[in-house]
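Trainee: Please take one part of this model and go through it slowly with me. I would like to follow how that part is put together and what lies around it.

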Amino acid sequence: QVQLVESGGGLVQPGGSLGLSCAASGSFSSISDMRWYRQAPGKQRELVAGIFRDGGTNYANSVKGRFTISRDNAKNTVYLQMNSLNPEDTAVYYCNAIVKPTSATYYTSYWGQGTQITVSA
């Protein structure tokens with residue numbers, strides 16, 4: 001079984017910064033892409049940022065220049081550094097990873113439990 005455990009959510013004032021981390025644990029042989037999504041109340045879940053195993057990244061236009069995604073392959077962990085936060089960034093943030101379980105020959109998508117980010121004065 002594979003688990004993704006997120007940490008780092010909370011309340012932050014507009015203009016502030018916050019960091020998220022997501023660690024994968026369990027029985028697996030490889031992790032491919034790792035991504036962060038978010039879902040605001042009444043809205044669809046959207047991709048925030050993604051990072052390939054080789055370090056290549058992509059970002060939603062709304063967060064470019066403010067958010068930075070990174071990963072530590074040795075620790076099976078993905079990070080999201082969020083700067084210049086504004087109220088529109090308020091959402092539940094979810095970690096997603098494409099993982100090959102030890103018992104499988106194919107990759108499967110796994111999700112974290114989600115962590116709340118609230119940007120408010």
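Mentor: What follows is a walk through one sheet, the core beside it and the link that leads away from it.

This is a predicted model, in which local features need pLDDT of at least 70 and side-chain atom pairs count only at pLDDT 80 or more, whereas totals for chains, interfaces and linings use all residues. Residues are numbered from 1 along each chain as its sequence is written, and side-chain values use heavy atoms, with hydrogens and water left out.

The part I have chosen is an open sheet of 4 strands in the order S1-S3-S8-S7, paired antiparallel; strands are DSSP runs of E with at least two residues, numbered from the N terminus, and two of them pair if DSSP finds at least two bridges between them. Strand S1 (2-7) and strand S7 (67-72) form the edges, since each pairs on one side only. Neighbouring strands of the sheet are turned by 15° against each other on average, direction ignored (axes are lines fitted to C-alpha atoms, and angles run from 0 to 180 degrees between N-to-C directions).

Inside the sheet, strand S3 (residues 18-26) and strand S8 (residues 77-82) run antiparallel and are joined by 6 bridges, with Leu 20 standing opposite Leu 80 in S8. S8 also pairs with S7 in the antiparallel sense, again over 6 bridges, and there Phe 67 stands opposite Met 82 in S8. The hairpin of S7 and S8 has 4 residues between the strands, and Asn 76, which lies in that loop, has a positive phi of about 55° although it is not a glycine. Asn 76 counts as partly exposed at 24% relative accessibility (buried means under 20% relative accessible area, exposed over 50%, and partly exposed in between, with a 1.4 Å probe and protein chains only). Beyond S8, in the loop between S8 and S9, Ser 84 likewise has a positive phi, of about 50°, without being a glycine, and is partly exposed with a relative accessible area of 42%.

The edge strand S7 shows its two faces clearly: Phe 67, Ile 69 and Arg 71 point to one face and are buried, while Thr 68, Ser 70 and Asp 72 point to the other and are not. In a regular strand the side chains alternate between the two faces of the sheet.

Phe 67 leads us into the core, because it is listed with Trp 36, Val 48, Val 78, Leu 80, Met 82 and Tyr 93 as touching the most other members among the 31 residues of the largest nonpolar core (a core is a set of buried Ala, Val, Leu, Ile, Met, Phe, Trp, Tyr and Cys residues joined through side-chain atoms within 4.5 Å). S1, S3, S7 and S8 are among the strands that each supply at least two residues of this core, whose largest share, 5 residues, comes from S9. Met 82 is in contact (heavy atoms within 4.5 Å) with residues including Leu 18, Leu 20, Phe 67, Tyr 93 and Ile 117, leaving out those up to four places away in sequence.

From the sheet, one covalent link reaches out to S9: a disulfide (a pair of cysteine sulfur atoms within 2.5 Å) joins Cys 22 to Cys 95, with S to S at 2.1 Å. The link is left-handed, with -80° about the S-S bond. Cys 22 lies in strand S3 and Cys 95 in strand S9, so the pair ties together parts that are 73 residues apart in sequence. Cys 22 is buried, with a relative accessible area of 0%, and Cys 95 is buried at 0% as well.

S9 is largely enclosed by the rest of the structure, because 10 of its 11 residues are buried. S9 runs antiparallel to S4, to which it is joined by 9 bridges, and Ser 30 has Lys 100 in S9 as its bridge partner. S9 is also joined by 3 bridges to S11, again antiparallel, where Val 92 is partnered by Gln 116.
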